[in-house]
Each structure stands twice: as structure tokens, then as C-alpha cells.
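Subject: A structure for you to look at

Hi there,

Here is the structure I promised to pass on to you. Please open it beside this email and follow along as you read.

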Amino acid sequence: MTASIFDKTRTLFDLPEGVIYLDGNSLGALPRAARERVAREVNHSWGHELIRAWNTCGWIDLPAEVGRKIGRLIGAPEGSVIAADSTSINLFKALTAALRLAGERKVILSDTGNFPSDLYIAEGVIETMGQGHRLKVVAPDDVEAAIGDDVAVLMLTEVDYATGRKHDMKALTAKARAHGVLTIWDLAHSAGAFPVDLHGAGADFAIGCGYKYLNGGPGAPAFIYVRPELQEKITPSLSGWLGHDAPFQFELGYRPAGSIDRMRAGTPPVLSMAALDAALSVWDGIEMADVRARSIELCEIFIREVEARCPTLTLASPRNPEQRGSQVSFRHEQGFAIMQALIAHLVIGDFRAPNIIRFGFTPLYVTPADAVKAAEVLERVMKERLYEKPEYQKKGKVT
Ligand SMILES: *Cc1c(COP(=O)(O)O)cnc(C)c1O
């Protein structure tokens, strides 16, 4: 049953012949619908409709429409998600809003498994607000014990970008709530990867990427979720005109919109937003539970095959699939060169310093046969020591 669903979704993507693409966790593949949509937006909407397109082609409503489609994948009620800006900027908006709500408490609690940019943004927020906040970063396993009455905000990424280790969002959010701690969840490696239930967990804020498992294209807009009960209590730090209650009244003073719209700042990147909107059509009729089941199947096959074939690679991801996102990572001191050799043989994953090779499994377009084939190529790279070739040692700006 699920296999046939995914036979169909695979045809919705345009993948180069012969490539096994295991990097959809970093940049999702190109949905055919996105290619067609961007062409139409350029040729018709922009080229012909010009400024009228804001109304006639629905540009002005795209952020809400895209937010609604993403909301369905992450357990967010209608009207609680908006597509805007980048993940880093949305984190800035969420964190400043949360700290203002949190009052006297000064601690932002996060962990060493977080994506560094999230920690950098927290540093910047602390400096900018200048109110004596403090970033406390503990080991992932110590987060639960560190949640207490002194904490203002718990700021976590659900899935560790390097290892794929997945936090228990429900349990950590429940404990945070019991201690009056606001929560911000970064869903960069969750949205579109497995079922997320923001509403059920009682999360206060969430943010995430449009270009990873949501396949919106390079630099696609990100999204931000605010729990409906909080929306009207928030004072936005990026108080731009499109988050105003009446942008086209051009009042001189800021009055925030009475909805998730107040998390908007300025004009959205329409072409990218349209690509993401079209990309989200591949989820029509798809249940995230089926995606999760298939993702676990793919990851289990890959781990089993790689461990049987490549004894010098060490699994860096949790062995228990329930504690893992939709990626598998291995460690090897020659990780960078190994990945370069793999890519040269058309198995595309990526490398994360200092020694992790990372493989994302996206059931919409990766099959069990791909998982086996990728392991076979990896076996060849290891057995024939192809990674020792000098051309695979050369680092580009992006790894
Ligand atoms: C990919 C990723 C980001 C990226 O942020 P951008 O603003 O899109 O560059 C942020 N946080 C996490 C956890 C990520 O994995």
C-alpha cells in the first residue's frame, strides 16, 4: 500500500538520471510542479500582470496559504503558521517575543546538539535586548533535568542536524509548561520528515526551513508558528508594515495585526514563495504516519547494509528508530573525502565537521533499492580506498 503511494510521489520530482539523492535533509529535490509554477509566475504573473499580480495572482495571500499547507504537516491549527523570512530570522522573532513574554526570568536553555546558527542568534538577541539574559547550553541528555523555574525559554532543535538524534518534544514541552517555561522548537529537520504535533505537545513557538524536507528550493522562505492563545500577546521586534493591522492605511504608528500576520515584517520573496507553495502540493493525500513508516524502513535498510559492508564506519545516529529523525550518520576520520568519492559516484549526501557523513532519507523520492545501492557504492569507496585520491580531499566553500 505505502509502496505504491511512494511510487507515485517519486514521479512528481525531477531527479537527474543515475543519481541517488540522500541530501533532501539539506536541500530537497526539485518538484516538477515547482519548476512549472516558477515559470508561470515569471512569465504570466510578473511579466504580464505586473503590480496587479499582488491581487490578481494572489501574491499577497501566499504567506498565509503556504503557512496553512505547512501547518497541516506539523500539527498546527488553522491560522497559526505563516511563511516568512529565513529560519534564523524567524528564530530571532520568536526568541525576542518569548523573552518579552517571560518577564523577569533570564535564562535561555538550549543544548550542544543545536544548530550553531540558533545559538549565534540567541547570543545576538541577548546583546541586542541588553537585559541581562543568559544562554545556558547543556548536553542533550541533560536538558530535561535543567528545566526549572529559573528558565525563561527552552530553545531546542528537535532533530540534531549532525547525528539525527531526536528529542522527545512532547515530554520536554510538558515539563517546560509545568515550570512556566516558554518553548521554541526548531523543526528544520522535522517538518516533512515525520509527524509533528505542535498543538498536541502544547508548544509555544516553532520555526523551520522551507528548503529541506519541504522541497521549496534554495533559500526558500521559512515558517513560524505561534500558539494561537499567545498571538495577541506578542510584541513583535521586527515591527514592519506587513505585520501591521492595516498595512495599506499607511498610519505612522505601528499597530500589530490581530493574528499570526503580526510575525510578518516586509515584502515576501514571491518567486521563492510560489516555488514552495507548488512544492507543497506533493503532500496532497499523503499521511505523515506513512512517511514515517517508510523513512524508518529506508534508514534501517541503510544501517544494516552499511554495517555489514563497511566495518570501519561507526554509526553516529541513535540505533533506536524512535529516537532518530529521517537521517543516518556515520563517523570516519576521512569522512570528508569519503563523501566526495561517493558524490563522484552519484550517491549524494553531505559531510559535517569534524568527521560525520550524513545521509537524509526522503521517502517521497528515495526507494529501498536506492538505500541498498548507496550502501554498495559506499562499500566500494571503502574497500578500494577511493577516498585516498587527492581530488577527493579538496574542500569547497560549502560542505
Ligand atoms: C538548516 C537549519 C537552519 C538554517 O537557517 P537559515 O536561516 O535557513 O540559514 C537553522 N536551524 C537549524 C536547526 C537548521 O538545521
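The largest pocket has 21 residues in its lining, and those nearest its centre are Glu158, Lys166, His167, Asp168 and Met169. Do keep in mind as you look that this is a predicted model. The space in this largest pocket comes to about 430 Å³.

Which helices help to build the lining? At least two residues each come from α7 (143-146), α8 (169-178) and α9 (198-201). The biggest share belongs to α8, which gives three residues to the lining of the largest pocket. If you sort the lining by residue class, you get 10 charged, eight nonpolar and three polar residues.

Now for the ligand. Where does it sit? The space it takes is the second largest pocket. Around the ligand you will find Ser86, Thr87, Ser88, Phe115, Asp118, Thr157, Asp186, Ala188, His189, Cys209, Tyr211 and Lys212. This shell is made up of five polar, four nonpolar and three charged residues.

Three of the shell residues are worth a click, so to speak, for their polar side-chain atoms:

- Ser88 has one that lies 2.7 Å from an oxygen atom of the ligand.
- Asp118 places one 3.0 Å from a nitrogen atom of the ligand.
- Tyr211 has one at 2.7 Å from an oxygen atom of the ligand.

How much of the ligand does the protein cover? On its own, the ligand has 390 Å² of accessible area, and the protein covers 85% of it.

Next, the enclosed space. Rolling a probe the size of a water molecule over the atoms shows where empty space is left. In this structure there is one cavity of 30 Å³ or more, and the volume of the largest cavity is about 50 Å³. Its lining consists of Gly192, Tyr213, Asn215, Trp283, Val291, Phe361, Thr362, Pro363, Leu364 and Tyr365. Seven of these lining residues are nonpolar and three are polar, with no charged residues in the lining of the largest cavity. You can set that beside the largest pocket, where 10 charged residues take part in the lining.

Finally, have a look at two spots in the backbone. The first is Pro354, in the loop between β14 (350-352) and β15 (356-360). Is the peptide bond from Ala353 to Pro354 cis or trans? It is cis, and its omega is near 5°. The other spot is Phe250, which belongs to the loop between α10 (228-231) and α11 (270-279). Phe250 has a phi near 50°, a positive value in a residue that is not glycine.

Enjoy exploring, and write back with any questions!

Best wishes

Definitions and conventions: Residues are numbered from 1 along each chain as its sequence is written. This is a predicted model: local features need pLDDT of at least 70, side-chain atom pairs count only at pLDDT 80 or more; totals for chains, interfaces and linings use all residues. Side-chain values use heavy atoms; hydrogens and water are left out. A residue is near a molecule or strand if one of its heavy atoms lies within 4 Å of it. A polar contact is a pair of N or O atoms within 3.5 Å; within protein, one must be able to donate a hydrogen and the other to accept it, and residues adjacent in sequence count only if both atoms are side-chain atoms. Accessible areas come from the Shrake-Rupley method with a 1.4 Å probe; for residues, only the protein chains shown count as cover. On a 1 Å grid over the protein atoms alone, a cavity is a set of points where a 1.4 Å probe fits but cannot get out, and a pocket is an open set with protein on both sides within 12 Å along at least five of seven lines; lining residues have an atom within 4 Å of a point. A molecule sits in a cavity or pocket if more than half of its atoms lie within 2 Å of its grid points. Ala, Val, Leu, Ile, Met, Phe, Trp, Tyr, Cys and Pro count as nonpolar, Asp, Glu, Lys and Arg as charged, and the others, Gly among them, as polar. Grid points are joined across faces, edges and corners, and a volume is the space filled by probe spheres set on the points. Helices (H or I, at least four residues) and strands (E, at least two) are DSSP runs, numbered from the N terminus.
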